[in-house]
Amino acid sequence: MRNKEFRLMMIISLILTAAAFTVCMFISKICAVICLALGILISLVFYLFTRQRYRDIEKLNDYLSAVCSGYYELAVDDNAEGELSILKNNFYKVMILLRTASENAKKDKIYLADSLADISHQLKTPLTSMMIITEVLQEEKDEEKRLGFIKIIEEQLNKMKWLITTLLKLSKLDAGTADFNMQSVNVADLIEKSLKTFALQTEIRGIKINKSIEQFEFTGDVNWSAEAIENIIKNCLEHTANGGALNISTKLTAIYNEIVISDNGSGIAKEDIPHIFERFYHGKNSSSESVGIGLALSKAVFEKENAKIEVISKEGIGTSFIIRFYKFVV
């Protein structure tokens, strides 16, 4: 009876019942009694149903207050018919969405904290190294040694530059703000563009590059795609000994076109394969230069281009990265 509208409706109902009873008294006492009984019965039924309806609404309000306080373990689903039941079910759906969003937000916070810790660790190592070398440089008089130390500093700076640039690119991909100029990409040109970066390194190390290219095109961004391929080649070269081989081939099928990049290096441990595309993951056979984000970036780029990437590897034999561009949505 706390609801003003409810009280008003009950008062009007009682007034109408009393008025009908009074009028019927002039016609027949029996008619008046029947009219009074019906009026009271109708008012009672209305009271009971309306009271239950307001109780359900109050219960929903309590649920809403609990959800606003961050408590989502509520069961308000209702399979009955009626507008209130529909409202309950819609409220339940919204509550599930809010709970999912809250859980995702918590996961994102944990992921952000872990990422910041990893980034801090990756940057701390070259920074510490450069600080120590800088102190040594202040005391060192030998010009040849000074030049050697300066070269080490330069290498560490390049490593930091690559790390920061790659992390920024990954952040753009995560946020969906990376600009992808989607167009038809010629795979032969893409592979040649990617290999140019490593021409000097492969020549110095005596690594043979074997190519078997069947021409095809896919829809993507040529610059992002080149960077993704370069990161895979970089990973292969890091695990390949001097005098080894890097193999790049393509294959066309009715369902997909694929690029296969493989090496005959140390391979990836079986337990590491499921985690190879995770950020900052270091496997058993990872090189000391690896920071664990290049392959994560490659995967993010290819996913943006609706392609799939997988890895097949065996320790002591080598690793193959397979990138498939499907002709249909899968």
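How many helices and how many strands does the protein chain have? There are eight helices and seven strands.

**View 1. The whole chain, a predicted model.** The protein chain holds 330 residues, and 34% of them are buried. Its accessible surface comes to about 20,800 Å². Carbon and sulfur atoms supply 59% of that surface. Among contacts with a separation of 6 or more, 69% link residues 24 or more positions apart.

**View 2. The open five-stranded sheet.** The strand order is 2-4-5-7-6, with mixed pairing. Strand 2 (208-212) and strand 6 (307-314) stand at the edges. Each has a single partner strand, so one side of each lacks a neighbour in the sheet. On average, neighbouring strands are turned by 15° against each other, direction ignored. Strands of a sheet pair through backbone hydrogen bonds, either parallel or antiparallel.

**View 3. Strand 2 beside strand 4.** Strand 4 covers residues 245-252. The two strands run parallel and are joined by five bridges. One of the residues to look for is lysine 208, whose bridge partner in strand 4 is alanine 245.

**View 4. Helix 5 across the sheet strands.** Helix 5 spans residues 187-196. This helix lies across strand 2, strand 4 and strand 5 (256-263). Relative to strand 4, helix 5 runs at about 165°.

**View 5. Helix 7 and the four strands it crosses.** Helix 7 is formed by residues 222-238. Strand 4, strand 5, strand 6 and strand 7 (318-326) are the strands that helix 7 lies across. Its angle to strand 5 is about 30°.

Technical notes: Residues are numbered from 1 along each chain as its sequence is written. This is a predicted model: local features need pLDDT of at least 70, side-chain atom pairs count only at pLDDT 80 or more; totals for chains, interfaces and linings use all residues. Side-chain values use heavy atoms; hydrogens and water are left out. Buried means under 20% relative accessible area, exposed over 50%, partly exposed in between (1.4 Å probe, protein chains only). Contact means heavy atoms within 4.5 Å. Accessible areas come from the Shrake-Rupley method with a 1.4 Å probe; for residues, only the protein chains shown count as cover. Two strands pair if DSSP finds at least two bridges between them. Axes are lines fitted to C-alpha atoms, for helices over the stretch in contact, and angles run from 0 to 180 degrees between N-to-C directions.
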